[in-house]
Amino acid sequence: MFRSAVFVGAALLVLAVTANSSLIACTGDCNGDGVVTIDEIVLGVGIVLGDHPVGDCVAFDADQDGAVTVEEVVVAVGAALSMCPSTLQRSYALEGTINGRAASGHLRFTPTDEIEPNVVKYTVDSFSFGELAGIGTADFFTLNNTFSVTIDAQVQGGGMVRLTGGAPVLSIPPLVLGEFDVVGDGYTLRFTATQQGGE
Ligand SMILES: [Ca+2]
Ligand SMILES: [Ca+2]
């Protein structure tokens with residue numbers, strides 16, 4: 001770990017020279033949550049040093065040549081200091097059920113710049129699913145790749161329902177965000193969220 005910490009320091013030093021050489025927007029974002037965290041940088045360093053296989057985080061292999069170089073980790077450090085620009089907003093298509101009935105819809109959210117260790121906070125810009133539509137908040141816990149969401153939804157024909165739920169993220173990057181169980185007063189939703197945009 002000490003060796004990794006020294007390496008991150010070195011990467012930061014050369015950042016000024018190479019920050020503009022980004023090959024892809026989100027190098028080093030192993031879990032695809034739109035930000036590069038320090039533990040992801042440490043993992044990238046571990047791949048360079050041979051302590052981890054490239055498969056542990058293919059997001060570091062920006063030029064997809066099957067290896068992770070110092071330069072690719074440096075680009076990731078640049079992303080860690082800001083945010084992956086093309087992933088500021090993400091859209092997902094939803095398929096699933098409401099109280100056992102088939103339903104479909106969409107979910108779109110944007111990361112906020114609120115700082116909290118190991119949590120990325122999102123605003124749910126829009127949500128619709130069957131007869132429900134609304135907005136809310138969502139938290140992505142980068143430590144264990146878990147997503148949780150709270151949505152205040154309007155029920156078609158009147159009434160509001162607060163929906164809360166969450167799930168571990170299924171794939172990295174999250175083309176499929178996960179299969180979620182979301183419950184509210186009188187409602188049980190189960191949906192799979194498949195990414196439509198934001199990469
Ligand atoms: Ca990440
Ligand atoms: Ca590479």
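Okay, a definition to start: I'm calling two residues in contact if their C-beta atoms, placed from the backbone, lie within 7 Å. With that, in the protein chain, take the contacts with a separation of 6 or more: 46% of them are between residues 24 or more positions apart. And just so everyone's clear, this is a predicted model.

So, what does the chain look like overall? You've got four helices and eight strands. Walk along the sequence and the pattern reads α-α-α-α-β-β-β-β-β-β-β-β, so you meet the helices and then the strands. The chain has 199 residues, and 35% of them count as buried.

Let's zoom in on helix 3, residues 38-48. How much of helix 3 is buried? Eight of its eleven residues, so it's mostly covered. The buried ones are Glu40, Ile41, Leu43, Gly44, Val45, Gly46, Ile47 and Val48. Yes, there's a Glu in that list. Keep the general geometry in mind here: an α-helix has 3.6 residues a turn, so residues three or four places apart point the same way. Then, just after helix 3, Gly50 takes a positive phi of about 85°.

Now step back along the chain to Cys30. Cys30 sits in the loop between helix 2, which is 15-18, and helix 3. Is Cys30 buried or exposed? It's buried, because it has 23 C-beta neighbours inside 10 Å, and the cut-off for buried is 20 or more. Cys30 also has a partner from further down the sequence to look at: Ala59 is 29 residues away along the chain, and the two C-alpha atoms are separated by 5.4 Å.

Terms used:
Residues numbered from 1 in each chain as written. Chains lettered and ligands numbered in written order. Predicted model: local features only at pLDDT ≥ 70, side-chain atom pairs only at ≥ 80, totals over all residues. Helix = DSSP H or I, 4+ residues; strand = E, 2+ residues; numbered from the N terminus. Buried ≥ 20, exposed ≤ 12 C-beta atoms within 10 Å, placed from the backbone.
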